[in-house]
Every structure is written in C-alpha cells, then in structure tokens.
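Here is a quick tour for anyone meeting this model for the first time. Have a look at the chain below, then read on.

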Amino acid sequence: MPYVRVKDMEMFYEQMGFGEPILFLHSGYSRGILAFASQMLDFQRRYTCYSPDFRGHGRTRCNSLEWNTPQLADDMVEWMNRMHLEKVHLIGYSLGANVGLYMAFHHPERVSTLTTIGTSGFCDQTGVEEFEPDWLIQQGKQEMINQMMERHEEAHKGNWQEYMRQSAEDWRKYPQLTKEQLSRIACPALFITGEHDPFVGDQRIKQLSALVKGSSYLVVPGGSHRPHMTRESPLLVNDTIMDFLEKQEAPKEVNK
C-alpha cells in the first residue's frame with residue numbers, strides 16, 4: 001500500500017498511468033479513487049493520475065481528527081513536495097473542488113490547470129443538517145452510517161460521528177474565498193456542474209466562470225451533483241476535460 005509521510009500524517013495515495021501529472025481531489029464523505037472511478041481508465045492512458053486520501057478521510061492515518069478545507073489545500077502542496085511534483089493539473093469534486101480553488105489562489109505556481117466539478121465557489125449550507133450524526137441516527141440512515149464507518153475506518157479510528165461532525169462544520173464554513181480572490185485565479189480553469197445540482201447549477205457556474213478570467217464551463221444536461229459518475233454522464237465530462245487539457249499543452253515545434 002503506498003503511503004507517504006506528510007506533516008503529522010501517513011497519507012495514503014494511489015498512482016496509475018504515464019504522462020503529465022493530474023492530482024484528483026475527492027469529495028467529502030468519499031475517498032481518493034472512489035470519487036473518480038469513472039475517470040481512471042480514460043485519463044491513465046495519457047496522464048499520471050494521483051488519487052490521495054485527504055486528512056481525516058479514507059486510509060490516511062493521523063492522531064488528530066480535525067481538518068478543514070484550507071488545511072487540506074496546504075496538505076496537498078506538502079504532499080506534492082514529498083512526491084517531487086513541481087506542478088500538477090488539478091481535478092476536484094465537491095470538497096475537492098474547493099480545495100482546488102484554494103490551491104489555485106494561494107499556490108498558483110504549483111497549478112497547471114484547474115477543473116472543478118460540483119462547486120459554486122461560495123459557501124452554501126443547503127442540506128448539511130441531513131449529514132449530522134444525530135440526524136442520521138434519528139432517521140435510521142444505517143446504510144449511510146455503514147458507508148462512513150467502512151470508508152474512513154483508518155482515518156477516524158471508528159469514531160464515525162466525529163468524522164461527520166467535522167465534515168458538517170467544514171461544509172458550513174467553506175469556501176471563504178471572496179469574489180476578488182476568485183478573480184485573481186490565473187491558471188486555465190474549467191468549471192463543471194450538473195444541470196440539476198442543488199448546490200451549483202447553471203446560474204452559479206456562470207457566475208464563477210465570469211469571475212475567473214479566461215475560464216470556461218460545462219453544464220451537464222440532466223446531471224446531478226455528480227455528473228462525472230457512472231449512471232450519469234462520465235463520457236461527456238471526461239471528453240470535455242481531456243479536450244480542455246489538450247488545448248493547454250504547449251504547441252510542438254515544427255521541423256523546418
């Protein structure tokens with residue numbers, strides 16, 4: 001199992017493929033490659049794909065159970081240092097998309113391109129109360145509880161309720177980037193949302209794209225909060241991202 005020491009953590013990650021590095025940043029309540037299972041086969045053919053588990057998530061080990069979005073962004077930069085990666089393409093989903101925004105603003109020299117899925121760029125508390133541990137227990141949401149226990153056993157050491165509290169707290173607070181800060185993101189950027197994503201959608205993704213100069217966006221017809229996943233539109237999303245990345249590649253010199 002691939003682990004690397006990062007600050008106070010033993011960070012778990014997976015690596016596959018060859019080519020320029022892509023760092024996949026997973027969503028809350030998920031972990032590493034699980035959030036991008038429908039992307040790996042396509043992207044590994046042209047890129048080296050890295051899928052780490054964030055602090056507090058999955059198989060990453062740490063004595064502290066506390067984390068937040070800015071801290072995760074700093075962790076990822078330190079992970080890049082440990083992996084000797086100077087710059088990467090970022091592809092982030094939901095929580096990971098917010099982490100990507102923080103990295104693109106605070107560490108622009110480390111980000112080749114930014115692709116987000118499922119973020120408006122602004123804090124939105126819609127629905128967070130349904131992920132609090134007390135609510136899950138009261139409503140008998142045992143399947144969700146079982147998932148959180150299984151997915152994050154190594155990270156939260158069996159304390160799934162504390163994990164859910166940390167996730168809800170982060171959801172309520174972040175991202176905290178201002179419009180002015182978002183407008184200073186300078187790397188090539190692509191923003192993706194599902195047409196029916198309750199947290200983003202058409203109008204919000206257009207607002208985010210308007211703030212980030214030179215960026216583009218995709219609204220996936222009929223899509224939800226996870227338009228890149230199986231049973232939704234992974235082919236459309238994958239093709240759009242790969243076309244976006246190809247356009248950023250430096251043109252090859254023509255022999256005269």
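## Charges, rings and a helix

Lys173 is partly exposed, at a relative accessible area of 40%. Keep in mind that this is a predicted model. The partner of Lys173 is Glu169, and their side chains meet in a salt bridge at 3.0 Å, N to O. Glu169 is partly exposed too, at 38% relative accessibility. The two residues sit four apart in helix 7, so about one helical turn separates them.

How many salt bridges does the count come to? The count comes to 17. Here are some of them, with the N to O distance for each pair:

| Salt bridge | Distance (N to O) |
|---|---|
| Asp8 and Arg55 | 3.0 Å |
| Glu14 and Arg59 | 3.6 Å |
| Lys173 and Glu169 | 3.0 Å |

The Asp8 and Arg55 pair links distant parts of the chain, 47 residues apart: Asp8 is in the loop between strand 1 and strand 2, and Arg55 is in the loop between strand 4 and strand 5. Asp8 is partly exposed at 35%, whereas Arg55 is buried at 3%. Both belong to a network of salt bridges that also takes in Lys7 and Asp75.

Glu14 and Arg59 are 45 residues apart, with Glu14 in strand 2 and Arg59 in the loop between strand 4 and strand 5. Glu14 is partly exposed at 23%, and Arg59 is buried at 14%.

Asp75, from that network, is also one of the buried residues of helix 2. This helix runs over residues 69-83, and its end C-alpha atoms are 21 Å apart, which agrees with the 21 Å that 15 residues should span at 1.5 Å a residue. At its start, a side-chain oxygen of Asn68 comes to within 2.9 Å of the backbone nitrogen of Gln71. Just after the helix, His84 has a positive phi of about 60 degrees.

Now for the rings: the whole structure holds twelve aromatic pairs. In one of them, the centres of Tyr50 and Trp79 are 5.5 Å apart and the planes are at 75 degrees, so the pair is edge-to-face. It ties strand 4 to helix 2, parts that are 29 residues apart in sequence. Tyr50 is buried at 8%, and Trp79 is buried at 0%.

Phe131 and Trp171 make a tilted pair, 5.3 Å centre to centre with 55 degrees between the planes. Phe131 is partly exposed at 25%, while Trp171 is buried at 16%. Both are in one aromatic cluster with Tyr29, Tyr163 and Phe199.

Note on methods
Residues numbered from 1 in each chain as written. Predicted model: local features only at pLDDT ≥ 70, side-chain atom pairs only at ≥ 80, totals over all residues. Heavy atoms only, no water. Expected span 1.5 Å × (residues − 1). Buried < 20%, exposed > 50% of the residue type's maximum accessible area, 1.4 Å probe, protein only. Polar contact = N/O pair within 3.5 Å; in protein donor to acceptor, adjacent residues only side chain to side chain. Phe/Tyr/Trp six-rings, centres within 6.5 Å; stacked < 30°, edge-to-face > 60°. Salt bridge = Lys/Arg side-chain N within 4 Å of Asp/Glu carboxyl O.
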